[in-house]
Amino acid sequence: MTYEVVIGLETHAELATITKLFCGCSTKFGVEPNTQVCPVCLAMPGVLPVMNKKAFEYALKAAIALNCKIDEFTNFDRKSYYYPDLPKNYQISQNYHNMGIDGYMDISVNGTISRIRIHNVHLEEEAGKLIHPEEVGADYSLVDFNRAGVPLLEIVSYPDMRRVDEVESYMQTLRKILLYTEVSDCKMQEGSLRFEASISLRKKGVDRLGNRVEIKNLNSMKSVLKAIEYETMRQRDVLDRGETVDRETRLWDEVNEKSARMRSKEESQDYRYFPEPDLLPVLIDEKWLRAIKDTIPELPLIRRQRFIETFALSDYDASLLIDEKILADFFEECVKILNRPKSFCNWITNDLLREVKDRKLDIYHLKIKPKQLAALVEIIEKGTISSTIAKEVFSEMIQTGKDPKTVVEEKKLVQISDEGLIEEIIIKIISSNPDAIEDYKKGKKNALTFLVGQVMKETKGKANPKIVNEMLMKKVGV
Amino acid sequence: MKIDKDQVENIAKLSRIRLTELEREMFVHQLNNILFYIEKLNKLDTENVAPMAYTSDVSNVFREDKLKPSIPLQDVLINAPATKSGFFKVPKVIE
């Protein structure tokens with residue numbers, strides 16, 4: 001039987017504020033347990049939450065960037081449930097008046113753009129962290145409340161995705177938008193960005209959605225994709241046997257690459273949402289909305305299109321560049337100084353990214369500056385150094401932050417274009433490689449390439465290859 | 001709408017409290033009285049009245065994103081029935 005897979009995603013992103021949503025405790029990651037907590041995030045009796053303005057504005061900014069409708073009135077609701085990671089026994093979230101509703105995000109799969117609708121975007125508080133000891137027979141869990149109260153943005157998509165490649169693009173695009181708008185650092189390894197997938201299958205051509213299964217505990221984008229593939233197969237087997245898929249929540253087991261039932265939807269929780277009396281509503285006027293809108297930069301997909309059109313870059317190159325906002329900014333700075341987009345694009349997407357990877361550099365704190373890369377491209381064009389030598393210069397620049405001219409002088413890398421000098425070396429190479437000359441005269445064209453290589457080796461790559469080529473051809477009599 | 005014993009039991013379960021048979025009957029009675037009163041209120045025409053969740057006119061109360069000191073670990077854990085290496089220790093929870 002052929003089925004259509006229907007996928008929706010819920011995304012949680014920790015917002016990039018310095019302090020928590022309702023108190024002044026730090027949100028810094030990776031500190032000693034329970035050292036960033038206070039009576040408010042521990043839910044001591046009598047404490048009151050006060051909303052972090054930055055967190056609210058970040059959530060609003062994300063809702064606008066995701067094309068949501070923003071209501072003039074918004075407030076917060078209590079979501080009640082008991083779990084040891086939740087000190088108040090309720091989570092302050094939004095249910096009746098979300099930050100934004102009915103938005104959309106365009107994604108690109110192999111150059112085809114499709115629109116994924118966003119059901120809602122809302123702001124809530126993060127729960128604490130539970131640790132389950134690995135020792136055998138341990139009958140306890142440990143709780144760290146440092147994370148409790150960190151502002152969390154939840155983005156709920158409509159079940160508009162049908163294929164794994166769409167899901168991948170959705171996650172990547174959303175991550176980029178959150179990074180471009182600077183509302184979250186999106187560090188998945190620190191849990192700043194998390195996804196939950198809901199999946200159902202239906203027979204091709206049927207309108208009604210099948211029973212939906214939610215998958216949690218997805219620690220990476222790769223897990224999301226694997227879990228969806230696994231779940232698709234599992235549901236297909238169930239349906240093929242003529243049975244129905246249970247509506248349930250399943251936990252993904254990353255090690256064994258399968259999922260297991262967490263709880264059935266029948267016994268699903270009753271959250272008893274009601275308006276949070278400890279917080280006052282927030283009214284959003286036109287002026288405020290416009291001020292936030294003005295802080296939203298050009299978003300990735302639009303920027304990519306502009307790069308393709310303005311700088312005549314390929315879809316692939318433009319995609320690589322916009323992948324990290326900081327790289328796209330670097331590129332634009334370079335082009336402003338010297339109009340050689342293709343050349344800068346190559347340097348950034350090849351050499352720069354390779355050096356970053358090999359030397360484990362932090363792209364947010366690169367020592368090389370756009371005007372230095374522009375200067376490098378300029379001296380290559382002038383013929384001061386060859387493009388081979390330029391790679392060496394670049395590597396030095398990215399490690400030390402030195403100007404290209406300084407590197408060239410210090411390492412004595414100026415290109416040799418002196419014909420007299422090159423001729424001397426050519427004569428030397430010819431006399432020590434008579435076999436190659438013979439081969440060439442017999443018609444083996446690549447013997448010439450070999451000789452050029454020898455001259456370059458002799459000059460440590462500094463000879464101007466164009467001149468070497470021309471002079472060698474003359475010498476061997478073409 | 002009428003509240004029965006099962007519903008009271010469900011509410012007790014959601015609230016993590018244990019009720020005796022006597023208490024269950026008492027709450028069935030009390031909750032039904034409350035609902036009876038609410039039903040009276042329901043007779044009012046509220047067609048054009050927006051639901052009210054807040055009694056004050058104040059809105060948009062914020063704090064700036066500025067650090068305030070947290071409290072010392074020993075104070076954090078002072079009321080905890082059980083602790084371990086700076087963590088709260090709780091009965092095992094597995095999902």
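User: Which element of chain B has the lowest mean pLDDT, and which the highest?
Analyst: Helix α1 (residues 5-14) of chain B has the lowest, 89, and β1(B) the highest, 98. This is a predicted model, where local features need pLDDT of at least 70, side-chain atom pairs count only at pLDDT 80 or more, and totals for chains, interfaces and linings use all residues. Residues are numbered from 1 along each chain as its sequence is written, chains are lettered from A and ligands numbered from 1 in the order written, and side-chain values use heavy atoms, leaving out hydrogens and water.

User: What's pLDDT?
Analyst: The predictor's confidence in each residue, from 0 to 100. Helices (H or I, at least four residues) and strands (E, at least two) are DSSP runs, numbered from the N terminus.

User: How many aromatic pairs are there over all chains?
Analyst: Eleven. Rings of Phe, Tyr and Trp (its six-membered ring) pair if their centres lie within 6.5 Å; planes under 30 degrees apart are stacked, over 60 edge-to-face, the rest tilted. In one of them, A:Trp288 and B:Phe62 have ring centres 5.9 Å apart and planes at 75°, so that pair is edge-to-face.

User: Why does that pair join two chains?
Analyst: Because A:Trp288 lies in helix α4 (residues 286-293) of chain A and B:Phe62 in strand β1 (residues 62-63) of chain B. Ring pairs also link A:Phe56 with A:Trp288 and B:Phe62 into a cluster.

User: Is A:Trp288 buried or exposed?
Analyst: Buried, at 13% relative accessibility. Buried means under 20% relative accessible area, exposed over 50%, partly exposed in between (1.4 Å probe, protein chains only).

User: New topic. Where does B:Lys89 lie?
Analyst: Over the face of A:Tyr140, at 4.6 Å from the ring centre. The charged end of A:Arg117 sits over the ring of A:Tyr158, 4.1 Å from its centre. The cut-offs: NZ of Lys or CZ of Arg within 6 Å of the ring centre and within 35 degrees of the ring normal.

User: And how many residues are in the largest nonpolar core?
Analyst: It has 106 residues. Those with the most contacts inside it are A:Phe56, A:Tyr170, A:Leu178, A:Phe331 and A:Leu376. Such a core is a set of buried Ala, Val, Leu, Ile, Met, Phe, Trp, Tyr and Cys residues joined through side-chain atoms within 4.5 Å.

User: Which helix gives the largest share of this core?
Analyst: Helix α1 (residues 53-65) of chain A, with nine residues.

User: How many residues of α2(A) are buried?
Analyst: 13 of its 17, so α2(A) is mostly covered. Just after α2(A), A:Glu182 takes a positive phi of about 60°.
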